[in-house]
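Please open the structure in your viewer and keep the selection tool at hand. This tour proceeds one stop at a time, stating what to select and what is found there.

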Amino acid sequence: MRNLLVIISSVNCILFFFNQSFAEVIDGEMMVDGLKRTYHLYSPEKLTDQNKLPMVIVLHGGGSDGQSMMRYTKFNDLADRENLLVLYPDGTDGNWNDGRDAPAINNRQDDVKFISVLIDDMVARHRADSSRVFATGISNGAIFCLFLASKLSEKLLAIAPVCGSIPENYAVTYSIARPMSVMIINGTADPLVRYEGGMVAGERSNRGAVIATDSMVTKLVGMLGCSSIAQSIDFSDSNMKDRSTAVKYVYTDCINKKQLIFIKVTGGGHTWPGGIQYLPRYIIGNVCRDFNATSEIWKFFNHQVQVN
């Protein structure tokens, strides 16, 4: 598993180097609990006024980094169109302390505190609107998204984890103090964070276990007080070669106008829909091409601004 993470990280860095404009990114660092923490902030090319901007925090997966997520997600292109800030923090040793009881996950650092301090800094110095802060991420970053929702709900308006679920070791007690909107995007053929739950990356990985996706959705429906009957919307199977299809389940009538959306990617792997096939299918599974996760996530986030 460690070798796989190194390969993923190396591939990501190479792709980032050849596909990004460094002049548009602010690379920053800060000390948190005696540890140097780093991040990368993307500001839109044209700032037309002095108003506060919405900010999306994009969290990388295990063994990766913030710069790599720029290539994965292409949130920077969206930021230019929609006039928003995108923040790509770096974990410690390529990982986030997402609360899992797992020997392979570095848990010596307080990543919740890091993100909290980082949000405050972005609000104070970079025009981020404290009422419009969102978080998304993949894999370890997705699990950390869910952890942040439970630990930092007062600073986040909504989250959108991709390829993640709630760890088994705190699933029973998991709660969100201040209800927020949640979008889940998970693939049924994810070989690393399995749809049916269980050990992450296999039995011998020492990376802990998560609950099944359906169990997570049921838990969130109850937690957010949503109707248990969802409206289902099929995405057009526009790419017949991607070996996957997708359905969006929309849960309404939630507490305080909140919303729960679950996008089930049948045949989807440990990948960002609409993104790159960063490793072969036999390692990470299929990339769904029938919708773009970045666009769907921003549409979901932006909707929360309109209704709250």
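The stops below cover a cavity, several charged side chains and two loop residues. Please bear in mind throughout that the model is predicted.

**Stop 1: a cavity**

Across the whole structure, a search finds three cavities of 30 Å³ or more. For this stop, consider the second largest cavity, which holds about 50 Å³ of space. Select its lining: Cys 163, Ile 185, Asn 186, Gly 187, Val 265, Gly 268, Gly 269, Thr 271, Pro 273, Asn 286, Val 287 and Cys 288. Which strand gives the largest share of this lining? It is strand 7, residues 181-187, which contributes three residues. Colouring the lining by residue type gives six nonpolar residues, six polar residues and no charged ones.

**Stop 2: Asp 65**

Next, select Asp 65, in the loop that runs between strand 3 (53-59) and helix 2 (66-73). Asp 65 is buried, yet it has no salt bridge. The nearest side chain of opposite charge belongs to Arg 71 and is 12 Å away. Now add Gln 67 to the selection: its backbone nitrogen lies 3.3 Å from a polar atom of the Asp 65 side chain.

**Stop 3: Asp 98 and Arg 100**

The structure holds ten salt bridges. Select Asp 98 and Arg 100, which form one of them, with their closest N and O atoms 2.7 Å apart. Are these two residues buried or exposed? Asp 98 counts as buried because its relative accessibility is 0%. Arg 100 is also buried, with a relative accessible area of 4%.

**Stop 4: Asp 120 and Lys 155**

Move on to Asp 120 and Lys 155, another salt bridge, in which the closest N and O atoms are 2.9 Å apart. Asp 120 belongs to helix 4 (residues 111-125), while Lys 155 is in the loop between helix 5 (140-151) and strand 6 (158-162), so the pair ties together parts that are 35 residues apart in sequence. Asp 120 is partly exposed, its relative accessible area being 42%. Lys 155, by contrast, is buried, with a value of 18%.

**Stop 5: Lys 248, Glu 296 and Lys 299**

Select Lys 248 and Glu 296, which form a salt bridge whose closest N and O atoms are 3.0 Å apart. This pair links distant parts of the chain: Lys 248 is in strand 11 (residues 245-251) and Glu 296 is in helix 8 (residues 293-307), 48 residues apart. Both Lys 248 and Glu 296 are buried. Then add Lys 299, which is linked with Lys 248 and Glu 296 in a network of salt bridges.

**Stop 6: two loop residues with positive phi**

Finally, turn from side chains to the backbone. Select Asn 206, in the loop between strand 8 (198-199) and strand 9 (209-210). What is notable about the phi angle of Asn 206? Phi is near 60 degrees, a positive value in a residue other than glycine. Asn 206 is partly exposed, with a relative accessible area of 44%.

The last selection is Lys 257, placed in the loop between strand 11 and strand 12 (260-266). Phi of Lys 257 is near 65 degrees, again a positive value in a residue other than glycine. Lys 257 counts as exposed, because its relative accessibility is 61%.

Methods: Residues numbered from 1 in each chain as written. Predicted model: local features only at pLDDT ≥ 70, side-chain atom pairs only at ≥ 80, totals over all residues. Heavy atoms only, no water. 1 Å grid on protein atoms, 1.4 Å probe; cavity = no way out; pocket = protein on both sides within 12 Å on 5 of 7 lines; lining within 4 Å. Points joined across faces, edges and corners; volume = space filled by probe spheres on them. Helix = DSSP H or I, 4+ residues; strand = E, 2+ residues; numbered from the N terminus. Nonpolar A, V, L, I, M, F, W, Y, C, P; charged D, E, K, R; others polar. Buried < 20%, exposed > 50% of the residue type's maximum accessible area, 1.4 Å probe, protein only. Lys, Arg positive; Asp, Glu negative; His and termini not counted. Salt bridge = Lys/Arg side-chain N within 4 Å of Asp/Glu carboxyl O. Polar contact = N/O pair within 3.5 Å; in protein donor to acceptor, adjacent residues only side chain to side chain.
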